[in-house]
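Me: Got a minute to go through this one with me? I'd like to take it a question at a time.

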Amino acid sequence: MADPRGFLKVRERELPPNRPVEVRLRDWKDVHAHRQDGQPYLKEQAGRCMDCGIPFCHNGCPLGNLIPEWNDLVWRGQWSDAIDRLHATNNFPEFTGRICPAPCESSCVLGINQPPVTIKNVEVSIIDEAFDRGYVTPQVPQRLTGHTVAVVGSGPAGLAAAQQLTRAGHTVAVYERDDAVGGLLRYGVPDFKLEKVHIDRRLAQMEAEGTRFRPGVEIGRDITWEQLQARYDAIVIATGATVPRELQVPGKELGGVHVAMDFLHQANAVAAGREVPDQITATGKHVVIIGGGDTGSDCLGTALRQGAASVTTLAIGKRPPEERPAHQPWPTDPILFEVSSSHEEGGERDYLASTVEFLPGEDGNVARLRLATTEYLSDGRRVPTPGTERDIPADLVLVAMGFTGPETAPLTEQLGVELTARGLVTRSDDFSTTVPGVFVAGDAGRGQSLVVWAIAEGRAAAAAVDTYLSGGTELPSPVTASTVALRP
């Protein structure tokens with residue numbers, strides 16, 4: 001294990017500081033300084049790991065990351081061995097180490113009575129160090145099987161499945177309807193959380209291994225699902241859950257009311273140097289974000305960098321507690337009040353805020369938003385409280401209320417896959433759909449979830465596809481399709 005008395009000698013968490021707010025708001029670069037050369041904090045934090053008899057952090061992470069092992073190796077300065085242990089369970093620690101909410105830390109045994117180990121920061125430090133030292137190299141298969149696989153969707157689930165299947169010797173092509181590979185990692189997550197260099201250098205490794213990428217091709221339109229099925233021996237559906245949840249209130253059709261992902265997609269494209277005609281921008285506007293999750297936080301940071309006059313984030317529910325509540329005991333992943341890097345930068349947050357109506361200005365576009373205080377009914381519903389209405393200025397409204405599921409019309413019409421009552425792609429425990437040779441991984445079959453679940457399902461689906469094509473597999477399968485997160 002790492003330092004046997006480390007958790008007694010170093011009792012507090014220590015993370016590298018973020019870049020100053022007034023500096024980082026002037027660019028789109030990563031707000032975090034993930035590593036600081038010459039600083040002893042990383043070794044000390046890794047040394048706080050207790051190497052528990054039952055490391056619950058393994059269970060908190062669906063990937064089953066070998067956290068005590070690579071904490072020990074970081075403490076000893078054995079970076080090559082550390083990245084080997086990290087890559088044994090996680091294809092893309094540069095993604096999870098930056099954008100995952102780290103349920104592993106919520107289940108850290110040390111977190112029972114001390115601040116938990118800084119697992120996420122140790123993880124991202126390992127992969128960054130590995131890239132800098134040249135430890136991340138292509139793993140080219142020793143032989144090819146002759147089988148072909150199409151992966152539709154290039155988010156974390158699709159990329160994980162593609163890399164695993166390529167390394168198993170199959171010929172894999174990844175189809176992406178956007179003009180660049182990466183899915184929501186590319187166009188949904190702003191650069192200040194995930195700079196795209198981290199995607200590009202991983203894609204370079206995958207291309208060197210043999211994975212083929214086909215951006216700008218929409219399956220169901222440019223190529224039908226039947227044509228794809230005829231070309232390939234197996235298909236992995238990894239299209240994500242991209243249908244936004246709508247807000248059904250009067251005025252939702254007004255100009256200036258947009259789905260959050262449309263706003264983020266355009267902003268990320270412009271940050272990458274692409275031209276976007278009639279871009280949705282927050283410059284000089286009073287921006288209201290409806291939804292207090294990660295997408296809302298991303299909208300906040302983006303609007304501030306675009307020079308918004310003001311930004312208000314609305315959440316329909318109560319303000320979460322800052323400490324773990326009794327009904328969400330360790331090692332569950334509790335719902336707590338969080339202050340993201342974007343929240344540090346500015347804006348207002350309003351809880352128990354129910355949107356009643358969007359009101360137009362003289363130009364016919366949205367100008368104000370009418371709110372009311374949320375009331376909780378006995379049946380669990382949340383409704384506006386009559387008599388509590390008030391108006392706030394709103395030149396730009398971004399609806400960030402999550403996603404309901406995948407776009408399924410081409411799938412059902414052309415391929416004939418069945419759907420669940422929730423509108424997700426029906427699948428068995430081995431990630432197979434109702435159509436032979438067609439599998440589904442990630443949010444398209446699971447529903448909106450975390451990046452770690454996407455990677456875990458991509459790895460597991462790859463093992464299932466390999467078994468289907470070859471009669472057996474040596475690929476790891478960390479989860480089944482019926483696995484549920486450890487959350488109340």
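**Strands, helices and charged pairs**

Reply: Sure, and keep in mind that this is a predicted model. A good place to start is strand 7 (residues 286-290) and strand 14 (residues 396-399), which pair in the parallel sense over 4 bridges.

Me: Which residue of strand 14 stands opposite Val287?
Reply: Strands 7 and 14 run as a parallel pair, so to speak, side by side. Opposite Val287, in strand 14, you'll find Leu396.

Me: What is the strand order in the open sheet of 5 strands?
Reply: The pairing in this sheet is parallel. Its edge strands, each pairing on one side only, are strand 6 (257-259) and strand 9 (348-350). From one strand to the next, the twist averages 20°. Written out, the order is 6-14-7-8-9.

Me: At about what angle to strand 7 does helix 15 run?
Reply: Helix 15 (residues 294-305) lies across strand 7, strand 8 (310-314) and strand 14. Its direction relative to strand 7 is about 170°.

Me: Why is helix 5 described as largely enclosed by the rest of the structure?
Reply: Buried means under 20% relative accessible area. The residues of helix 5 that pass include Trp70, Leu73 and Val74, and what covers the buried ones includes helix 3 (41-47) and helix 9 (119-133). Helix 5 (residues 67-76) is largely enclosed because its buried residues number 7 of the 10.

Me: Is Lys196, the salt-bridge partner of Asp191, buried or exposed?
Reply: The closest N and O atoms of Asp191 and Lys196 are 3.4 Å apart. Asp191 has 14% relative accessibility, so that residue counts as buried. For Lys196 the relative accessible area is 10%, which makes this one buried.

Me: How many residues apart in sequence are the parts that Arg368 and Asp391 tie together?
Reply: These two form a salt bridge, with the closest N and O atoms 2.8 Å apart. Arg368 lies in strand 11 (residues 366-376) and Asp391 in strand 13 (residues 390-393), so the parts tied together are apart in sequence by 23 residues.

Me: Which residues are joined into one network by salt bridges that share partners?
Reply: One link is Arg221 with Glu218, whose closest N and O atoms are 3.6 Å apart. Arg221 is exposed, at 59% relative accessibility, while Glu218 is partly exposed at 23%. The network's members are Arg177, Glu218, Arg221, Asp222 and Glu407.

Me: And how many salt bridges does a search of the whole structure find?
Reply: We've looked at a few, among them Arg368 with Asp391. Searching the whole structure gives a total of 29.

Key. Residues are numbered from 1 along each chain as its sequence is written. This is a predicted model: local features need pLDDT of at least 70, side-chain atom pairs count only at pLDDT 80 or more; totals for chains, interfaces and linings use all residues. Side-chain values use heavy atoms; hydrogens and water are left out. Buried means under 20% relative accessible area, exposed over 50%, partly exposed in between (1.4 Å probe, protein chains only). Helices (H or I, at least four residues) and strands (E, at least two) are DSSP runs, numbered from the N terminus. Contact means heavy atoms within 4.5 Å. Two strands pair if DSSP finds at least two bridges between them. Axes are lines fitted to C-alpha atoms, for helices over the stretch in contact, and angles run from 0 to 180 degrees between N-to-C directions. A salt bridge is a side-chain nitrogen of Lys or Arg within 4 Å of a carboxyl oxygen of Asp or Glu.
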